[in-house]
Amino acid sequence: MEPVINRLVVFGVGLIGGSLALALKRAGACRDVIGVFRRERSAQEALALGVCDCAYTDPRDVLPGLGKGDVVFVSVPTLAVAGVFEQLRESLPEGVTVTDGASVKGSVVAAAEKVWGAVPEFLVPGHPIAGSERSGAEAAKADLYKHHRVILTPMDSVSGEHLARVEAMWAAVGAEVLTMSVAEHDEVLAATSHLPHVIAYGLVDTLAHDSENQNIFRYAAGGFRDFTRIASSDPVMWRDIMLANGPAILKSIDLFTANLGELRKAIADSDEARLTGVFTRAKAARDRFTRMLARKSFSEPLIEEMDDMEGKEVTFVVRPGGTVNGDIRVPGDKSMSHRSIMLGSLAEGVTEVEGFLEGEDALATLQAFRDMGVVIEGPDKGRVTIHGVGMHGLKAPAGPLYLGNSGTSMRLLAGLLAGQAFSATLTGDESLSRRPMNRVAEPLRQMGADITTAEAGRPPLQIGGGAKLQAIDYKLPMASAQVKSCVLLAGLYADGRTYTTEPAPTRDHTERMLSGFGYAVERAGATASVNGGGKLFATKIDVPADISSATFFMVAAAITPGSDVTLRHVGINPTRDGVINILRLMGADIELSNQHEVGGEPVADIRVRYASLKGIRIPEDQVPLAIDEFPALFIAAACADGETILTGAEELRVKESDRIQAMADGLLLLGVDARPTPDGIVIQGKPEGPAFTGGSVDSCGDHRIAMSFTVAGLRAADAITIDNCANVATSFPNFDQLAATVGIGLDVRD
Ligand SMILES: O=C(O)C1=C[C@@H](OP(=O)(O)O)[C@@H](O)[C@H](O)C1
Ligand SMILES: C=C(OP(=O)(O)O)C(=O)O
């Protein structure tokens, strides 16, 4: 690498300064490293360790010789920074850049103002978020900053040239540079770093001084060791941090003390529910954090950036050919998983769920209810225990409810929240933020709800609390189970009887599950109705495997000669079985066995063997019954003899992506004659040999598009690469493993 700075002068060659020196030298990013020490012995040690090229104990021997392009890095304990600044004021020539590594920025800025009268244009306060409980030059490591964050808190007075130099220096050692205000930095660090140190030091000190606990260290096991590691950090450094960031740390301590007091009370009162609540919420938060750390190895991500960190790139690469054989169970039904959390939370008593889908969409619903104070244990291998709070027991969430990619969560929650005493805001990811919400906002407003959307009816949704809802008789303008469910759920809180009438049958899990929770739902033809003001009673729910996820393997076997696959315990509710009907019309060999009911929902094992398919005109009455299955059905159509025509499916254009366009684009790229129409598509199939060329397609971040093109690989001439596949985890977290199990040659690259 070309040097990005000239000389580096380090005041305080310990872990932080020494590691920067080693890293810059290793990267060839600076010319020389000069160490400035207080004691001759430390200088000799650092030279012997090779951390610096030359060492001085009197800064006046170094500073006057510096010039433009040189950087002074001050990494002495926080409260010693002012002393170093005094020395700099004496003899620092113009053009030299100064930065620091202190954990508190307010005190650094105050020191600069005291010494220079104002923060000088060459000073760029900074803080590398890296370290360890070890200290001193001997602990320095050249890779300490790789993939770590460095926060810079430049003031308005800073010169662009000095700021750019410091940014380039940190980038050269592999760090990610962020900027924020001094106050924000000090508050965030008080909570995420300074408070944990207070607690660790305090705990060890308490135990060490307690004579009854003399033996504690002898018997202390992993938990104690993990928790107190940071109490071995440099005491002087941490004393200074406490003194320098007092007010922000006190705020964090007070918050924690109040929480600890509540925990104490819960233990004193043997308050099982409260303890379970705190521990399950904390475990969920920590597990989420651990997953994020595993994906991107930053050591201390800032809370507000966690969501960005989830936006990782995943690419599927599918080897061409293969056959599909096996006997598998796909994960739980997404629609039912959402509803089990919603109704279980509002029920009286404890609801036990089995087969819950541990995909991100259903987890978003689960988290939203945790955020509204519901104690939910799990999920653990599909088991979830929900401690219902009753129809009026939800609490106002502390902030917006983030629903990720999940349209079902947002639309159903809008209905439920419209009748609550508190206000709430519903937000989602980029895809969800583009999806239409007027379809729920309008009927809810007719009921008297106070709902605001962003422009053109897009999320976020703001739902005002305390509205008095009136029952309505709502004729749905489109076949949508989400809209129907939203209105019915609001109807639970409305005065009178709420009716919904749908233009075509859509999934009826809400109606079935409400009945399962003891809430009377009347159904007459296309109309369903509920009376407001009733109660839900906890129950047991067995969520069957999701037919929408099973679809990918049904299509895979149907299009690939030599295939024979069995899918166990799949929900075959007649409002969801369009995919079976459509594939059978195309000539697929599908056998259902072991048909029975679980918790009011029909299930069966589904066996699919290869049989040659023919193109069909898809009956419009099947469209809502197979709405999520069309991307996969288009793959089947591309392998069928003749033309397949879909009409009446304009709803596909407002899913996680415009599924007509996204599929048509991908099919065309893979050599298929596919013509999108406003409400459907026309596909010419190739029944023999490869039906697809190889190539690279974009899933547009839509899970169902990603999985559909994966299946296409079975009949492709060459490898298919599919970009933007991270969202497969929203509905089918172990898709890649099951695909491999049955014989699909899928490689996942992230
Ligand atoms: O109610 C539900 O659980 C769902 C309804 C459907 O959406 P629409 O109601 O928008 O058709 C479907 O696409 C979605 O995956 C789940
Ligand atoms: C449309 C879907 O889900 P949602 O509307 O809940 O985002 C889907 O899973 O295909």
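Which residues touch the most other members of the largest nonpolar core? In this predicted model, the views below start there and then move to the annotated sites.

**View 1. Inside the largest nonpolar core.** Met554, Val555 and Ala636 are the ones that touch the most other members of this core, which has 82 residues in total. Helix 19, running over residues 547–559, chips in the most, with 10 residues. Zoom in on Val555 and, once residues up to four places away in sequence are set aside, you'll find it touching Ala632, Leu633, Ile635, Ala636 and Val711. As a rule of thumb, nonpolar side chains in soluble globular proteins tend to be buried together.

**View 2. Ser480, one of the UniProt "binding site" residues.** An unreviewed UniProt entry lists Lys334, Ser335, Arg339, Ser480, Gln482, Asp628 and Lys655 under this heading. Ser480 sits in the loop that links strand 19 (473–475) to helix 17 (481–491). Ser480 counts as buried because it has 23 C-beta neighbours inside 10 Å, and the cut-off for that is 20 or more. Leaving out neighbours within four places in sequence, its contacts are Arg439 and Thr506.

**View 3. Lys655 and the surroundings of ligand 2.** Lys655, also on the UniProt list from that unreviewed entry, lies in the loop between strand 27 (642–646) and helix 22 (659–669). It has 20 other C-beta atoms within 10 Å, so Lys655 is buried. Lys655 is also one of the residues surrounding ligand 2, along with Lys334, Asp361, Ser406, Gly407, Thr408, Asp628, Glu656, Arg704 and Ser731. Sort that shell by class and you get six charged residues, four polar ones and no nonpolar ones.

Methods. Residues are numbered from 1 along each chain as its sequence is written. Chains are lettered from A and ligands numbered from 1 in the order in which they are written. This is a predicted model: local features need pLDDT of at least 70, side-chain atom pairs count only at pLDDT 80 or more; totals for chains, interfaces and linings use all residues. A nonpolar core is a set of buried Ala, Val, Leu, Ile, Met, Phe, Trp, Tyr and Cys residues joined through C-beta atoms within 7 Å. A residue is buried if 20 or more other C-beta atoms lie within 10 Å of its own, exposed if 12 or fewer, and partly exposed in between; C-beta atoms are placed from the backbone. Helices (H or I, at least four residues) and strands (E, at least two) are DSSP runs, numbered from the N terminus. Two residues are in contact if their C-beta atoms, placed from the backbone, lie within 7 Å. UniProt positions are given in the numbering used here, feature names are shortened, and annotations may be inferred rather than shown by experiment. A residue is near a molecule or strand if its C-beta atom, placed from the backbone, lies within 6 Å of it. Ala, Val, Leu, Ile, Met, Phe, Trp, Tyr, Cys and Pro count as nonpolar, Asp, Glu, Lys and Arg as charged, and the others, Gly among them, as polar.
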